[in-house]
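These are my notebook entries from an afternoon of looking things up in one structure. I wrote down each item as I found it.

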Amino acid sequence: MNVPEPVRPPEAASVPGPAVPRPAVPRLDVVPLTGRAGVRAAGEVSLPTRPVWESALERAVRDGGSVYYLELSALAFVDAAGAGALADAARRFGARRLVLDRPPPALPRMLGLLWPGLPAIEVAAS
(Lines give C-alpha, C1' and ligand atoms only; values in the text may rest on other atoms or scores of the structure.)
Protein backbone atom coordinates (compact mmCIF):
# COMPACT_ATOMS: atom_id res chain seq x y z
CA MET A 1 0.00 0.00 0.00
CA ASN A 2 1.35 3.40 -1.01
CA VAL A 3 0.78 6.20 1.54
CA PRO A 4 1.77 9.72 0.50
CA GLU A 5 4.18 11.57 2.78
CA PRO A 6 2.77 14.56 4.63
CA VAL A 7 3.64 17.95 3.21
CA ARG A 8 5.80 19.96 5.60
CA PRO A 9 5.89 23.76 5.67
CA PRO A 10 9.22 25.36 4.80
CA GLU A 11 11.59 26.18 7.66
CA ALA A 12 10.85 29.54 9.28
CA ALA A 13 14.46 30.63 8.92
CA SER A 14 14.38 30.14 5.17
CA VAL A 15 11.24 32.22 4.63
CA PRO A 16 12.09 35.86 3.98
CA GLY A 17 9.93 38.44 5.70
CA PRO A 18 9.89 41.18 8.27
CA ALA A 19 11.74 40.59 11.51
CA VAL A 20 9.58 39.90 14.53
CA PRO A 21 10.13 42.70 17.07
CA ARG A 22 11.25 41.73 20.55
CA PRO A 23 8.89 42.65 23.36
CA ALA A 24 9.88 45.84 25.14
CA VAL A 25 11.50 45.44 28.53
CA PRO A 26 9.35 47.15 31.17
CA ARG A 27 10.91 50.21 32.82
CA LEU A 28 10.29 52.14 35.96
CA ASP A 29 12.04 55.46 36.46
CA VAL A 30 11.89 57.03 39.91
CA VAL A 31 13.18 60.58 40.46
CA PRO A 32 12.95 62.87 43.50
CA LEU A 33 10.38 65.66 43.45
CA THR A 34 11.52 69.24 43.76
CA GLY A 35 9.86 71.41 46.38
CA ARG A 36 8.26 68.62 48.42
CA ALA A 37 9.17 65.26 49.92
CA GLY A 38 8.50 62.46 47.49
CA VAL A 39 9.24 60.91 44.12
CA ARG A 40 7.83 60.80 40.61
CA ALA A 41 7.42 57.32 39.13
CA ALA A 42 7.13 56.75 35.38
CA GLY A 43 6.70 53.47 33.53
CA GLU A 44 5.15 50.39 35.03
CA VAL A 45 5.31 48.36 38.22
CA SER A 46 5.54 44.68 37.38
CA LEU A 47 7.80 41.72 38.13
CA PRO A 48 10.89 43.09 36.31
CA THR A 49 10.59 46.56 37.88
CA ARG A 50 9.44 45.57 41.37
CA PRO A 51 12.89 45.99 43.02
CA VAL A 52 12.98 49.65 41.91
CA TRP A 53 9.43 50.20 43.24
CA GLU A 54 10.11 48.51 46.56
CA SER A 55 13.31 50.50 47.00
CA ALA A 56 11.41 53.76 46.40
CA LEU A 57 8.74 52.74 48.92
CA GLU A 58 11.39 51.82 51.49
CA ARG A 59 12.90 55.31 51.12
CA ALA A 60 9.42 56.77 51.65
CA VAL A 61 8.98 54.81 54.88
CA ARG A 62 12.41 55.92 56.16
CA ASP A 63 11.88 59.60 55.15
CA GLY A 64 10.64 60.95 58.48
CA GLY A 65 8.48 63.82 57.16
CA SER A 66 4.77 64.02 57.98
CA VAL A 67 3.70 63.87 54.30
CA TYR A 68 5.34 61.98 51.42
CA TYR A 69 4.16 62.35 47.80
CA LEU A 70 4.17 59.69 45.10
CA GLU A 71 3.52 61.51 41.81
CA LEU A 72 2.16 58.70 39.64
CA SER A 73 0.62 60.43 36.59
CA ALA A 74 3.19 58.82 34.27
CA LEU A 75 2.69 55.34 35.71
CA ALA A 76 0.96 53.18 33.11
CA PHE A 77 0.41 50.02 35.17
CA VAL A 78 0.76 48.62 38.68
CA ASP A 79 0.35 44.88 39.21
CA ALA A 80 -1.24 43.40 42.34
CA ALA A 81 2.11 42.66 43.97
CA GLY A 82 3.19 46.28 43.41
CA ALA A 83 -0.06 47.48 45.01
CA GLY A 84 0.60 45.09 47.89
CA ALA A 85 4.07 46.56 48.38
CA LEU A 86 2.46 50.02 48.51
CA ALA A 87 -0.08 48.79 51.09
CA ASP A 88 2.72 47.30 53.22
CA ALA A 89 4.63 50.59 53.09
CA ALA A 90 1.48 52.51 54.06
CA ARG A 91 0.98 50.27 57.09
CA ARG A 92 4.45 51.27 58.30
CA PHE A 93 3.70 54.99 57.90
CA GLY A 94 2.00 55.28 61.28
CA ALA A 95 0.37 58.72 61.69
CA ARG A 96 2.10 60.13 58.59
CA ARG A 97 0.40 60.53 55.20
CA LEU A 98 1.35 58.96 51.88
CA VAL A 99 -0.23 61.03 49.09
CA LEU A 100 -0.76 59.31 45.73
CA ASP A 101 -0.81 62.15 43.22
CA ARG A 102 -2.76 61.24 40.03
CA PRO A 103 -2.32 57.45 40.22
CA PRO A 104 -3.51 55.15 37.43
CA PRO A 105 -7.27 54.63 37.99
CA ALA A 106 -6.91 50.92 38.74
CA LEU A 107 -4.51 51.48 41.66
CA PRO A 108 -6.93 53.15 44.14
CA ARG A 109 -9.61 50.63 43.16
CA MET A 110 -7.23 47.72 43.80
CA LEU A 111 -6.10 49.19 47.12
CA GLY A 112 -9.72 49.71 48.21
CA LEU A 113 -10.71 46.21 47.21
CA LEU A 114 -7.74 44.22 48.51
CA TRP A 115 -6.44 46.47 51.31
CA PRO A 116 -9.40 48.58 52.49
CA GLY A 117 -9.05 51.16 55.21
CA LEU A 118 -5.41 52.18 54.92
CA PRO A 119 -5.48 55.45 56.87
CA ALA A 120 -2.03 56.61 55.70
CA ILE A 121 -2.98 56.68 51.99
CA GLU A 122 -4.59 59.75 50.50
CA VAL A 123 -5.40 59.96 46.78
CA ALA A 124 -5.04 63.38 45.14
CA ALA A 125 -6.68 63.88 41.74
CA SER A 126 -4.56 66.89 40.80
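Entry 1, the core. Before searching, I noted that a nonpolar core is a set of buried Ala, Val, Leu, Ile, Met, Phe, Trp, Tyr and Cys residues joined through side-chain atoms within 4.5 Å. I also kept in mind that I am working with a predicted model. With that in hand, I found that the largest nonpolar core has 29 residues, and that W53, L70, L86, L98, L100 and L111 are those with the most contacts inside it. I then asked which elements give two or more residues to this core, and they turned out to be β2 (38-45), α1 (50-62), β3, α2 (80-91), β4 (97-101) and α3 (106-114). The largest share, six residues, comes from α2. I picked L98 for a further look and, leaving aside residues up to four places away in sequence, listed its contacts as Y68, L70, L86, A90, F93, A120, I121 and E122.

Entry 2, the strands. I looked up how the strands pair, and saw that β2 and β3 run in the parallel sense over seven bridges, with V45 standing opposite V78 in β3. I found β3 and β4 paired in the parallel sense as well, over five bridges. Following the chain between the strands, I recorded that β2, α1 and β3 make a right-handed β-α-β unit, and that β3, α2 and β4 make a right-handed β-α-β unit too.

Entry 3, a glutamate in β3. I placed E71 in strand β3, which covers residues 67-78, and then asked whether E71 is buried or exposed. E71 counts as buried because its relative accessibility is 5%, and the cut-off for buried is under 20%. Its bridge partner in β4 is D101, and D101 also appears among the residues that E71 touches, together with L33, R36, V39, R40, A41 and R102, when residues up to four places away in sequence are not counted. I checked A41 separately: E71 and A41 are 30 residues apart in sequence, yet their C-alpha atoms are 6.3 Å apart in space. I also noted a polar contact of 2.6 Å between the side chains of E71 and S73.

Entry 4, an arginine in a loop. From the contacts of E71 I went on to R102, which I found in the loop between β4 and α3. R102 is partly exposed, because its relative accessible area is 37%. Its phi is near 50°, a positive value in a residue other than glycine. I wrote this down because most residues other than glycine have a negative phi.

Technical notes:
Residues numbered from 1 in each chain as written. Predicted model: local features only at pLDDT ≥ 70, side-chain atom pairs only at ≥ 80, totals over all residues. Heavy atoms only, no water. Buried < 20%, exposed > 50% of the residue type's maximum accessible area, 1.4 Å probe, protein only. Contact = heavy atoms within 4.5 Å. Polar contact = N/O pair within 3.5 Å; in protein donor to acceptor, adjacent residues only side chain to side chain. Pairing = 2+ DSSP bridges. Right-handed = clockwise from strand over helix to strand, strands pointing away.
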